[in-house]
Amino acid sequence: MFDLLAPFSIGFVGSLHCLGMCGPLVLAYSLHMNEGVHPSSTYAGAWQNGFWHHSAFHLGRILTYGLLGALAAVLFNLADLGRFFGGLRGSMTLLGGTLMVLLGLALLQVLPLPSFLTVSPAGSDSFPARSIPRLLRSRGIGSKMLLGLATGFLPCGLSWAMIAKAATTQNSAAGFFIMAAFGLGTVPALFLTGFSASVLSLKVRILGEKIAAVSVITMGIILALKGAKALL
Amino acid sequence: MSSASLANQHDRAAGNTCSLCGLPIGRSRLKQTVNGEELFFCCPGCHYVFQILFSDPDGAPADFKSTDLYRACVAAGIIPKNEQDLAFRQALQAGEQHPTARSILEDEADLARELTFKVDGMWCTACSWLIEEVIRGVHGVLQAEVHFLSDLVRIKYLPHRVNPEDIQKRIAQIGYSAAYLGQSEFSRENKQLLLRLGVSSILTVNIMMISFALYFGFFQDLGENAIRYFSYPLWLLATPVVLYGGYPILKRAVIGLRYKQTGMDTLIAVGTLAAYFYSVLRMFEGSLHLYFDTASMLVTLVLLGKYIEMHARERVSGGITELYALANQKVRLLQNGTERWVAAEAARPGDSFLVRAGERVSVDSRIVSGRAVLDQSVLTGESKPLRKSTGDEIMAGALVLEGKLQLQAIRIGNESSLGQMISMTQEALAAKAPVELLADRITKWFVPAVLFLAAATALALLFGHVPKDEALLRAVTVLVITCPCALGIAVPLAKVAAIAAGRTNGILIRDNTALDKAKELTALLFDKTGTITEGNFSLREIIAYGIEEREVLRRIASIEAKSDHFLAKEIVRKARQSSVALEEAEHFESFEAMGVKGRLKCGEVSIGNRQFMRCRDLDLARQLARHAESLELKGATVVFFGWNGKVQGFLNLGDRLRESAPELFQEIRSRKILTWIVSGDSRETTLAIAAELGVDRAVGQALPKQKAEIVKGLQEKGHRVGMIGDGINDSAALAQADVGFATGIGANIMERASGITIIGGNPAKILTALDLSSLTGRVIRQNLFFAFFYNGLGIPLAILGYLNPLLAVCAMFASSLTVIGNTLRITRVGKNNSKREVQPQEPVDATESLRCYSGDSG
């Protein structure tokens, strides 16, 4: 239980930062949901008739997270050499923990992200750049689900850190649920995009990001220590 | 500095924050160049999203800052206003502030300027006195009015003696922050309070948990020495609550002491600190009787109460702040064929501008071209869309639902309907009701009295050999239970709620006493034209014997072109429509409530009612008179015209009853209120309409003076009279009546001598106004009762020791909550019975055929 609470709360606090990144996405499809209405009044209107659309979007997103978590867990399990060499037991936990610490430090902007991650991810002619605008404009509820599924893949340090955490479980179900809990934690802030963005100041959002980063680092250190202990 | 160059500078400066989410970019090196502008991103995610959202699928990336999405994001606060943005806005604001401030400066002898600040951090009415006193003390300030509930400070000052920044600084010195309207406003205060409340409540919950466990002997088995260890965590938990959570309370209490003003903060601060420091002392003595729970609970509940009150205030005054928001809009100015966005204040009468569907018209204007469906519900409270086309006037604040309009500004700033509504509302808010003054005075003396009472209680109990603990506890209880926080908001909150609720319903309350009296009215007098009829006269036919229609229209319209009577306007409009060339009339004269005359090349022409024809010695043929009478009995309005010693014919001007009129009169009758119709129109027309509506009495052909006399007569008979009129020729009657209701749209709202104005003119709003009046009266009485009830009941119980501070805190909280909850009922007025009609109203038929009778076709 506690294992799920941590990713949930990291998701919750961290999503104050997500607001800046994913918020515009939410707003973008909200805009297309009721075309012809003045932008300033859009959110309230979209919120009323868009409950199911939002739900579909978030469901898709959580699903992607969960699948990524499960996948990472399986990959880690496959890559775990501890099975063959007793002396390496715990090495994957150590690796996951270390990754989390590094990503957490990157989130805190103590470390720069490695350059291969910061290369321009998508040209304007890449597949997502071509297909996502279409999804945004579509009014169907299924397209929101697809959009959510795609959003889950967006490069985000926080979700990577959580995927690393999920990976260390080496259990696809556990990985799935950890990532789902994380995704669920990010829902409130995004669900109430219009509302929360106006209430939360920049400071609060930065604070949320920092708290999430510190939590990630703490979790990473604990995991790394655990792994190191098993290794020694 | 022009806004364009500011904008550029602003864009260039925004280099160290993420272009999407606004967070600092830190060590990220992601950037992209769009339209020659360098954009930076804090993480690949933001970059990715940006590329997806703001790149045009069909080709080159569009200017993303002009997309709807970007605007929506900024409006929702997702793309935040970063530091540069803030500076940019301030610069804009400063640029905008000065011209308006200057425009007030009309009178040369009086160099004073007015200035409105929004003040953050006011906790109670005592804060507003303090600020008022302190600003008044500033050299160069003539007048200062602080409105606690709307957080506004209106200052009249001499610009050559003191500048606004100094006044702002002075306010900051005493612990509040002042900003120009539309700047930081509510949110910052709100967030800080929320954070304090959050921290305090989490810690308090823990304190309560441990304390309860201790009270109920949960740890008894551990022995006294072990239990003592629980004191330290309690102390540790309570300290941030008292010092961080309670900081604003303590700060204001200290500032209050320095300025010899005591308020509810003083009471809370004394109570909290007494409980806290006493407990600290006892803790080091090793006692188990500690009151950290009391101290932290007190702070937390006070913060919670404040938080709720702040939200109630915001909700209650929503209708008023909406007005400011409407007035702070931009217009798309059309200059030499190019469009340019400027602040609404920068527009001048005569400027033309464009408004598209989904946008609001921000200044009073006339349609130059185009037609549109408009929603004026923000102003009138009626959701029925209206159709308007070329030549029609539009009030600032109307929302264009469909169509595109080119408009010409006719009134701007303080003269526009919106400006007038704002100053009227401010006037109403500024005036303090007698009850309110009393409550203020009581609060002022209450606090020292309570402090004295608490001290006396403690002393008396100590001499009465009550244990120290107990004496202190009871004194704190007395302090808390008598805290007049509910009393401070009981009346003003209700007043603001009523004014705001009226405003959202299209009822503008200018005078609080009018609102107060409206519930006691026993007779309502209605003017006919424009009140119970639509006031949109259309010239249906011209009845003349032996003269050509165009010639008749030419002569009449030439005279009427000089008159500003509403019937005249319709006649001239009709003449223009039939492209009749008018000539210049000479010796024009207007006779009040009778008619007009003037000289044309062909001779003297008189236009007016029967009486006027008689005065002018014009002979009215019997056949013509009979024909006119038969039309009048159907409710039409008839205007005669004549020359050469003879009435030549008459005009049949039709007006329609308002849709809501029959229902309205039925409802008024069921309330046992006497109804009268008093009209300047002919007796026959008035009676016909009165009979149709079932009005108690009707008087036609009444001069403005007579209307006032009728009101006076009714008053002498013991009636409390409400007069409903358009305010132009009823001003004497409106002023004479106990409550004057003016109906009308557009210009000169301020000139109307009425306590209550019904924007949009639907007389059915009278009922809403009456309901609002009686509800407000009830709520104020109930609020005062609740506020006094808890205090009155609590004091003796507290002295006798039946209450503990915790209960007292809860009682105080309950009293505030009751008052707030009760007041919120007012905001719901008019919401239950407003049916939403989506069907657009049919425009009045302007192309009605103009028939002409010649010969003997009577």
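# Briefing: helix packing and strand pairing in a predicted model

B:V596 stands opposite B:I607 in β21(B). The model that contains this pair is predicted. The points below treat the strands of chain B, then the helices of chains A and B, and finally some individual residues of chain B.

**Strands β20, β21 and β22 of chain B**

- Strand β20 of chain B covers residues 595–600, strand β21 of chain B covers residues 603–608, and six bridges pair the two in the antiparallel sense.
- The connection from β20(B) to β21(B) is a hairpin of two residues.
- β21(B) is also joined to strand β22 (residues 637–643) of chain B, by three bridges, and these two strands run antiparallel.
- B:I607 therefore has a bridge partner in β22(B), namely B:F641, in addition to standing opposite B:V596.
- In general, the side chains of a regular strand alternate between the two faces of the sheet.

**The sheet β12-β11-β14 of chain B**

- An open sheet in chain B is formed by three strands in the order β12-β11-β14, with antiparallel pairing.
- Its edge strands are β12 (386–388) and β14 (399–403) of chain B, each of which pairs on one side only.
- From one strand to the next, the twist averages 35°.
- Within this sheet, strand β11 (residues 372–375) of chain B is paired with β14(B) over four antiparallel bridges.
- Opposite B:E402 in β14(B) stands B:V373.

**Chain A: an outline**

- Chain A contains eleven helices and zero strands.
- Of its 232 residues, 51% count as buried.
- Among the contacts in chain A with a separation of 6 or more, 82% come from residues 24 or more positions apart.

**Chain A: helices α3 and α7**

- In general, a pair of packed helices is described by the angle between their axes and the distance between the axes.
- Helix α3 of chain A spans residues 51–79 and helix α7 of chain A spans residues 141–151; their axes come within 6 Å and cross at roughly 35°.
- The crossing of α3(A) past α7(A) is right-handed.
- On the α3(A) side, the residues that make the contact include A:W52, A:A56, A:F57, A:L59 and A:L63, while those on the α7(A) side include A:I141, A:M145, A:L146 and A:L149.
- By class, the residues of this contact between α3(A) and α7(A) are ten nonpolar, six polar and two charged.

**Chain B: helices α13 and α18**

- The axes of helix α13 (residues 318–327) and helix α18 (residues 485–504), both of chain B, come within 7 Å and cross at roughly 60°.
- The two helices α13(B) and α18(B) are therefore oblique to each other.
- From α13(B), the residues B:G318, B:G319, B:I320 and B:L323 meet B:I499, B:A500, B:A501, B:R503 and B:T504 of α18(B).
- The contact of α13(B) with α18(B) has five nonpolar residues, three polar residues and one charged residue.

**Chain B: helices α21 and α22**

- Helix α21 (residues 549–560) and helix α22 (residues 566–577) of chain B have axes that come within 9 Å and cross at roughly 130°.
- This angle makes α21(B) oblique to α22(B).
- α21(B) and α22(B) cross in the left-handed sense.
- In this contact, B:L553, B:R554, B:I556, B:A557 and B:E560 of α21(B) meet B:A568, B:I571, B:V572, B:K574 and B:A575 of α22(B).
- The residues of the contact between α21(B) and α22(B) comprise seven nonpolar, no polar and three charged.

**Helix α26 of chain B and the residue after it**

- Helix α26 of chain B covers residues 683–693, and its buried residues are B:E684, B:T685, B:T686, B:I689 and B:A690.
- In general, an α-helix has 3.6 residues a turn, so residues three or four places apart point the same way.
- B:G694, just after α26(B), has a positive phi of about 70°.

**Positive phi outside glycine in chain B**

- B:S579, a residue other than glycine, has a positive phi near 40°.
- B:S579 is located in the loop between α22 and β19 (586–591) of chain B.
- With 7 other C-beta atoms within 10 Å, B:S579 is exposed.
- B:Q701 is likewise not a glycine, and its phi is positive at about 50°.
- The loop between β25 (697–699) and α27 (704–716) of chain B holds B:Q701.
- B:Q701 counts as partly exposed, with 19 C-beta neighbours inside 10 Å, because a buried residue needs 20 or more.

Notes:
Residues are numbered from 1 along each chain as its sequence is written. Chains are lettered from A and ligands numbered from 1 in the order in which they are written. This is a predicted model: local features need pLDDT of at least 70, side-chain atom pairs count only at pLDDT 80 or more; totals for chains, interfaces and linings use all residues. Axes are lines fitted to C-alpha atoms, for helices over the stretch in contact, and angles run from 0 to 180 degrees between N-to-C directions. Angles under 35 degrees count as roughly parallel, over 145 as roughly antiparallel, 65 to 115 as roughly perpendicular and the rest as oblique. Two residues are in contact if their C-beta atoms, placed from the backbone, lie within 7 Å. Ala, Val, Leu, Ile, Met, Phe, Trp, Tyr, Cys and Pro count as nonpolar, Asp, Glu, Lys and Arg as charged, and the others, Gly among them, as polar. A residue is buried if 20 or more other C-beta atoms lie within 10 Å of its own, exposed if 12 or fewer, and partly exposed in between; C-beta atoms are placed from the backbone. A crossing is left-handed if the near helix is turned anticlockwise from the far one by less than a right angle, and right-handed if clockwise.
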